[in-house]
Amino acid sequence: MTTIATDGKVIAADSRTTYGNIVATDKNKKIFKCKNGAVVGCGGDRGQISNFKKWCQKGKNESEKPELEEFFAIEITPSGKLFAYDNACTRIKVDPPFAAGTGGDIALGAMLSGKTPQEAIQLAIKKDIYSGGKVLVKAPRKKCKHK
């Protein structure tokens, strides 16, 4: 599946995609930026991630929520708020540090021990066979403060 971790400032993710016990690629980009400057990391089925991404880019209209299975997402808004999404695209406020996916427990333990999200993903990759590839990192675009 995947591992995604955040300290509330950046989101880090592995880049492995698996189908069962088969590694399909280690080059999957699981983090994207929204038009509003938020950054989102997703795990689960690639097609469902694509549907979620389209929904986010269109402005998250409640009446157009995609129906998802085997899916999760973590979002950091430009104002620094942290949210998790479940299969129903329910937006749930969470506190940092936060991690999810097959290596989520490893990553969360690492961050609670002082590691950065990037380092936490690297540790998860060492122990979780469903996490691998390059570590990807993105931060939200901060809101502009006009005088």
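1. A residue is called buried here when its relative accessible area is under 20%, exposed when that area is over 50%, and partly exposed in between. By this rule, buried residues make up 44% of the 147 residues in the protein chain. The model is a predicted one, and the points below should be read as comments on that model.

2. Overall make-up. The protein chain contains 11 strands and 3 helices. Along the sequence the order is β-β-β-β-β-β-α-β-β-β-β-α-α-β. Six strands therefore precede the helix α1 in that pattern, if one applies the numbering of elements from the N terminus.

3. Dimensions. Along the principal axes, the C-alpha atoms occupy a box of roughly 45 × 35 × 25 Å. The radius of gyration is 15 Å, and this agrees with the value near 15 Å that a compact globule of 147 residues would have. Of the contacts with a separation of 6 or more, 55% are between residues 24 or more positions apart.

4. Surface and charge. About 8200 Å² of the protein chain is exposed, and 51% of this area comes from carbon and sulfur atoms. There are 26 positive side chains and 15 negative ones. The centres of these two sets are 11 Å apart.

5. Strand β8. This strand covers residues 82-85. In a regular strand, side chains alternate between the two faces of the sheet. In β8, L82 and A84 point one way, while F83 and Y85 point the other way. Which of these four residues are buried? All of them are.

6. Partners of β8. Strand β7, residues 71-76, pairs with β8 in the antiparallel sense over 4 bridges. Within this pairing, I74 has A84 as its bridge partner. β8 also pairs with strand β9, residues 91-93, again in the antiparallel sense, over 3 bridges. In that second pairing F83 is opposite K93. A84 and F83, which point opposite ways from β8, can thus each be followed to a named residue on a neighbouring strand: A84 to I74, and F83 to K93.

7. The two hairpins around β8. The hairpin of β7 and β8 has 5 residues between the strands, and G80 there takes a positive phi near 95°. The hairpin of β8 and β9 also has 5 residues between the strands. Which residue takes a positive phi in the hairpin of β8 and β9? It is C89, with a value near 60°.

8. The hairpin of β3 and β4. Strand β3 (residues 17-19) and strand β4 (residues 22-25) run antiparallel and are joined by 3 bridges. T17 of β3 stands opposite T25 of β4. There are 2 residues between the strands, and G20 takes a positive phi near 65°.

9. F71. This residue belongs to strand β7. Its relative accessible area is 5%, so F71 counts as buried. Leaving aside residues up to four places away in sequence, F71 touches C42, G43, G44, Q48, I49, F52, Y85, D86 and N87. One of these, C42, is 29 residues from F71 in sequence, with a C-alpha to C-alpha distance of 7.4 Å. Another, Y85, is among the buried residues of β8.

10. K53. This residue lies in helix α1, which covers residues 46-57. Is K53 buried or partly exposed? K53 is partly exposed, because its relative accessibility is 37%. K53 and A110 are 57 residues apart in sequence, and their C-alpha atoms are 28 Å apart in space.

Key:
Residues are numbered from 1 along each chain as its sequence is written. This is a predicted model: local features need pLDDT of at least 70, side-chain atom pairs count only at pLDDT 80 or more; totals for chains, interfaces and linings use all residues. Side-chain values use heavy atoms; hydrogens and water are left out. The radius of gyration is taken over C-alpha atoms; the globule rule is 2.2 Å times the number of residues to the power 0.38. Buried means under 20% relative accessible area, exposed over 50%, partly exposed in between (1.4 Å probe, protein chains only). Contact means heavy atoms within 4.5 Å. Accessible areas come from the Shrake-Rupley method with a 1.4 Å probe; for residues, only the protein chains shown count as cover. Lys and Arg count as positive and Asp and Glu as negative; His and the chain ends are not counted. The place of a charge is taken as NZ of Lys, CZ of Arg, CG of Asp or CD of Glu. Two strands pair if DSSP finds at least two bridges between them.
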